[in-house]
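Welcome, and take a moment to turn the model around before reading on. The paragraphs below walk through it one region at a time.

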Amino acid sequence: MTDPLRDLSADEIAAVRAVVVGAGLVADTTRFVYVGLDEPGHAELAAPEAPERRARVYLHDVTSPAARDVTVSLASRAVLRIRELDATVDGQLPVLDEEFALVERLLATDPDWLAALEARKLDVAEVRVAPLSAGVYDDCPGEEGRRILRGLAFHQPHPRDHPWAHPIDGLVAYADTLNRTVDRVIDTGTVPIPEEPGNFDNPDEVGPARTSLRPIEITQPEGPSFTVDADRVVSWEGWRISVGFDAREGLVLRRIGFVDGGRLRPIIHRASIAEMVVPYGDPSPVRSWQNYFDTGEYLIGRFANPLEHGCDCLGEITYLDAVIADEAGNPKVLPNAICLHEEDHGVLWKHSDFWAGSAETRRQRRLVISFFTTVGNYDYGFYWHFSLDGEIGLEVKATGVVFTSAYTPDAAPYATEVAPGLGAPYHQHLFSARLDMTVDGRANTVDEVDVEPVALGPGNERGNAFRAARTTLRRESEAQRRADGAAGRVWRIRNADVRNRLGQPVAYELRPEGGPLLLADPASSIAARAGFATRSLWVTRYDPAERYSAGDFINQHAGGGGLPAYAAADRDIDGQDIVVWHTFGLTHLPRPEDWPVMPVGRTGFTLRPVGFFDRNPTLDVPGGGQPG
Ligand SMILES: [Cu+2]
């Protein structure tokens, strides 16, 4: 049987388009904002008959407020459901590709905008405008129900110049992309434009390339140790992982399991980054609205980079293409979007024994499944790691160009001067991992485990005692937790019905980095819109409709959706089919070293087996450096 969870094929995307067109839902002005698999839920997958193959389609009209969330059956070639979206309640569908250039074009003929540029002695032809999601603000009256993007401007003196080096501060414009009008131009006064260029790709500016680096070659003469089958199931050293890709979430890994004692043991049914947000911390009136939900507002998957061998990935690489829909609803191949490779990861275990005279070392390896995406000024790499010892990790790499401002005394508490007169406002990159857990089955329970000292007294006369305090999170209201590095806090996802040889419940442990959560005030607009980012951990009862951490529709949505709404039901999560959601991220105080292009900053989390195996599962890894 073909995999019911496989990505939509190019043929299926074409069929979805034909069904939607046949149903009369598509005019010349209709755009396919998103087309993706409407995944069969757990109950459907468990049923004896094969689940219905469905797609979900977001349709937007570029000339009217009509927006639809459509479900299509590929089996019956029919529209199953149409949800008409109400912009005043649901907000707007994600930002379109074609809107990226639109804001700049609308502004180029606006008298107020031209006057503001004139006052700064700037030629409009040399001014680039970043098309930025608007958010929802009480002090922007009249925007409700309309499709708004805000624009911040940069000077580009020549076509190869990186405009980020030359922010035109004190100026912002709000545009209505549906009515193609400029709502407001706010000019708080001329601020000197930083002049030093930031062209990291120009040898005349950065100097000649160093010649001291000698080649590193990674060779695997017998090829990698993994295989990928026709359904994109990767098999590697016990691991089984189905690799999927979605225009919104990017990489989606499904049915992650480990073959142990000849038996495939499930661990995670589905893992993805269900949302991410980049809130900025500068209260300047021209940019205090800056918050980008790169996943829900821009759809990071569709901007996946074509990866290049020798640059993005080194060694023996397997690339997979991804297929998404373009804005006309036609299939579009993203070549080399996904990279698979196996890498050496230092020492796995080692011991030289004083008594037994043994001296053994084994090397760690990991399987890496990754993709890179570019959203505006930033580039993000998402690297899932699977190790020989059963550990799962996600490392997110943030690189690219920091968003910039003019560096002024007012900005000083909220930005770093990264080049003369050039500021980089403080901001956060907060990610939400959705982990549909199936540790040896669907019935899972989460325990919070802290280490805590024991008071000196009877039974602890020397005061050396400390213990692990376990608290079972029994309901959704109890499962909205913050990381606590000082307590070594972890969350153990266990299966109470399955025990290891020691009688302990089998478990995987989520180990957070414990960086800052959302720093914006709880009463702020962004705190309502990014409620997920106010907690490190959420656990919810599985519901196939609960897919996205900030809700289905994010762009200009007033907030309250996603995790806070899902968890409001306060369902029982003890020994149930549960989903674990983890917020993690970077709080970025830019450095001069982050300019003019930022060395990769890293964040992520790990999931580690705890009593999942009966003992160290890597005793059979051969020594001597290389097998054979
Ligand atoms: Cu950053």
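Which residues does isoleucine 392 touch, not counting residues up to four places away in sequence? The list comprises Trp239, Ile256, Ile267, Ile268, Trp384, His385, Phe386, Tyr508, Phe605, Thr606 and Leu607. Please keep in mind that you are looking at a predicted model. Isoleucine 392 is a good place to begin, as it belongs to the largest nonpolar core, which has 123 residues. Together with Trp239, Ile369, Trp384, Phe386, Leu435 and Val580, Ile392 is among the members that touch the most others in that core. Apart from this core lies another one, of 19 residues, including Phe293, Ala530, Trp538 and Leu563. As a general background, nonpolar side chains tend to be buried together in soluble globular proteins.

Now let us visit the metal. A copper ion is held at 2.0 Å by four residues: Tyr378 through its OH atom, His427 and His429 each through NE2, and His588 through ND1. Along the sequence, these donor residues follow the spacing Y-x48-H-x1-H-x158-H. Histidine 429 sits in strand S23 (residues 427–437) and histidine 588 in strand S30 (residues 576–588), so this pair ties together parts that are 159 residues apart in sequence. Both histidine 429 and histidine 588 are buried. Why is the arrangement around the copper ion called irregular? The angles subtended by the 4 donor atoms run from 98 to 138 degrees, and a tetrahedral label would require all angles to lie between 85 and 135 degrees. For comparison, the ideal angle for four tetrahedral donors is 109.5 degrees.

From the copper ion, move on to a run of strands that includes S10, S11 and S12. Strand S10 (residues 233–236) is joined to S11 by 4 bridges, and the two run antiparallel. One facing pair to look for is valine 233, which stands opposite serine 242 in S11. The hairpin formed by S10 and S11 has 2 residues between the strands, and glutamate 237 in the turn shows a positive phi of about 45 degrees. Strand S11 itself covers residues 239–246, and 7 of its 8 residues are buried. A second hairpin, through 3 residues, leads from S11 to S12. Here the antiparallel pairing of S11 with strand S12 (residues 250–260) extends over 7 bridges. Valine 243, for instance, has leucine 253 in S12 as its bridge partner.

Leucine 253 also turns up around a residue of another strand. Histidine 269 has its place in strand S13 (residues 263–279). Is this histidine 269 buried or exposed? With a relative accessible area of 7%, histidine 269 is buried. Leaving aside neighbours within four places in sequence, its contacts are Leu5, His42, Leu45, Leu253, Arg254, Arg255, Asp436, Thr438 and Arg442.

Another pair of strands to find is S5 and S6. Strand S5 (residues 127–133) is mostly covered, with 6 of its 7 residues buried. S5 and S6 pair in the antiparallel sense over 7 bridges, and arginine 128 stands opposite phenylalanine 154 in S6. Strand S6 (residues 148–155) also holds arginine 150. Arginine 150 counts as buried because its relative accessibility is 0%. A polar atom of its side chain lies 2.9 Å from the backbone oxygen of alanine 134. Beyond four places in sequence, arginine 150 has contacts that include Leu132, Tyr137, Glu143, Tyr174 and Trp289.

For a smaller arrangement of strands, look at an open sheet of 3 strands in the order S20-S22-S21, with antiparallel pairing. Strand S20 (405–406) and strand S21 (415–419) are its edge strands, each pairing on one side only. S21 and strand S22 (residues 422–425) are joined by 4 bridges, and threonine 416 has alanine 424 in S22 as its bridge partner.

The last stop is proline 622, in the segment after strand S31 (598–610). Proline 622 counts as partly exposed because its relative accessibility is 45%. How many residues apart in sequence are proline 622 and threonine 361? They are 261 residues apart in sequence, and 9.1 Å apart in space from C-alpha to C-alpha.

Methods:
Residues are numbered from 1 along each chain as its sequence is written. This is a predicted model: local features need pLDDT of at least 70, side-chain atom pairs count only at pLDDT 80 or more; totals for chains, interfaces and linings use all residues. Side-chain values use heavy atoms; hydrogens and water are left out. Donors are N, O and S atoms within 2.8 Å of the metal (3.2 Å for Na, K and Ca); water is not among the atoms, so sites may look incomplete. Four donors count as tetrahedral if all angles lie between 85 and 135 degrees; four count as square planar and six as octahedral if opposite donors are over 155 degrees apart and all others between 65 and 115; anything else is irregular. Buried means under 20% relative accessible area, exposed over 50%, partly exposed in between (1.4 Å probe, protein chains only). A polar contact is a pair of N or O atoms within 3.5 Å; within protein, one must be able to donate a hydrogen and the other to accept it, and residues adjacent in sequence count only if both atoms are side-chain atoms. Contact means heavy atoms within 4.5 Å. Two strands pair if DSSP finds at least two bridges between them. A nonpolar core is a set of buried Ala, Val, Leu, Ile, Met, Phe, Trp, Tyr and Cys residues joined through side-chain atoms within 4.5 Å.
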